[in-house]
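Biologist: Could you walk me through this one before I head back to the bench? I'd like to go question by question.

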Amino acid sequence: MEDFLITMGVSGLIVWLAINIFLFWWYYLVYDLGREYIYTRELLGPFLALARAPAACLNFNCMLILLPVCRNLLSFLRGSSACCSVRVRRQLDRNLTFHKLVAWAIALHTTIHTIAHLFNVERLVDARTEEQRTLKTALSDLGDIPGDSYLNFARSKDPSPKGCLYVAFTTLAGLTGVIITLCLILIITSSTKTIRRSYFEVFWFTHHLFIFFFAGLVIHGVGKIVRKQTPDSLSVHDPDTCAKNYTLWGEIPSCPKPQFSGNPPMTWKWVVGPMILYVFERLVRFWRSQQKVVITKVVTHPFQTYELQMKKKGFKMEVGQYIFVQCPAVSMLEWHPFTLTSAPEEDYFSIHIRVVGDWTERLFQVCGCDKQEFQDAWKLPKIAVDGPFGTASEDVFSYETVVLVGAGIGVTPFASVLKSVWYKYCNDALNLKLKKIYFYWLCRDTHAFEWFADLLQSVETQLQEKNNPDFLSYNIYLTGWDEFQAAHFMVHHDEEKDVITGLKQKTLYGRPNWENEFKTIASQHPSSRVGVFLCGPEALADTLNKMCISNSEADPRGIHFIFNKENF
């Protein structure tokens, strides 16, 4: 729990929780104690308040759910130093974590709201069909005479379960409630890690059910099924007194028939602002996606990895940013995120793609990577690009000391960082705030090292020429090997350069002892802030987050490790 609080930001999480708790408590009391709802509670019992309190929390969380996915808005805020400090930008980088948290809150409140309304509908149907004359039947019969207002919205006298199904599928509130719930179930169940990684298309398409979810949400309350006694009626009809004389309603002056009205729909007031922002977000994305992108070069790398080098008029990037890519020849609808591996100083932008699914494999084929002969430029497919968007890696140059950790293809954002470092050292190394980089790369297979080794060699050579070889300390770990490879490594261990990468730094085998690594870094950089940047799996993120917490000192003047993780 402590790690989660650190990740989300304690203050922001507390504020969000406090607002949810306040809304639930406040609206529960409104519907549980309000005099205008005395007769409504007579019909619905405790389930009135249990349905309305989570509805208020749903309005609040549905207002928030779209904001973390307004990527252009977040990138604008992130890039504006006037409104966002480094600490605030770090919280913006947790946008998807917050998006998931709000989604689970919506699921929880929807569950409570739905279950409460199921009891409400059953109670209303039973009251409508009850033969014995009671206060409930008297309240349910109101509205049968033209000109009278009603309280019980179950107007059919069909018994349960037929009467319940009639309410669910013939009233506006019931029908939209069913649609909203089904959309939410499909969105959440298709958002699991297994579905996202193995069946991304399922995740992508079902997530767009949010359009129907919000459409249903806005009109859900138009039917005004939650009703209360009107203020004018309360002034002449005291429910505390007249409830005992329900058989004489309309016959004695002190107890005229009570009049009721529905609550006006409120949800649209909560969500209209974020919905407008999101529409503008999608319009900006569409406009940018229509701008021409030219693939200038396709490079096939080992380990089923290929590189696309592209150009686009007016395209400007920072280190570690990412873009969304669409290829109409593969799919007209699917957009996939990729980290930029080029540096801002280069005259093109590039991405590295590993074949891990149907979409990436199909793109691999249409780009001609499966062919041995040279591919003509005019045969390359059309590509649409949206972005770039900011990530945590943009803050690398805000620290004097950084720790970069990449796992497998997760090394891609650091390719951009190291390239930019190389260019800066070539041009203006004296004005570079960054003074020390600790780079760790973990890979299962030796082939994965090949495409990245050339870059490391270039940086290594440049730093030696500048008489600053200690600027970059890199450790490459091979986490998987067989007996034949082990024997080969032992034979060539004493050679000047590493047998796998060709670098002077020898490849290490196994996994890092992170406790020792962090203690060593802390001893060499006392009284400093060290940025730790990861692009890798959640298990490694949990480990590094714990290391950052346990190895940071309580004293503000001591060593502090600041954990940052790529999220897109």
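Modeller: What follows is a short round of questions and answers.

Modeller: Ground rules: this is a predicted model, where local features need pLDDT of at least 70, side-chain atom pairs count only at pLDDT 80 or more, and totals for chains, interfaces and linings use all residues. Residues are numbered from 1 along each chain as its sequence is written, and side-chain values use heavy atoms, with hydrogens and water left out.

Biologist: Is strand 14 enclosed or open?

Modeller: Buried means under 20% relative accessible area, exposed over 50%, and partly exposed in between (1.4 Å probe, protein chains only). Strands (E, at least two residues) and helices (H or I, at least four) are DSSP runs numbered from the N terminus. His560, Ile562 and Asn564 point one way from the strand, Phe561, Phe563 and Lys565 the other, and all are buried. With six of its six residues buried, strand 14 is largely enclosed.

Biologist: Which residue of strand 14 is the bridge partner of Gly531?

Modeller: Strand 13 (residues 529-535) pairs with strand 14 in the parallel sense over six bridges; pairing takes at least two DSSP bridges. Within strand 14, Gly531 has as its bridge partner Ile562.

Biologist: How does Ile211 count: buried, exposed or partly exposed?

Modeller: Ile211 lies in helix 13. Its relative accessibility is 48%, so Ile211 counts as partly exposed.

Biologist: What share of the protein's residues is buried?

Modeller: The protein has 22 helices and 14 strands. Of its 568 residues, the buried share is 49%.
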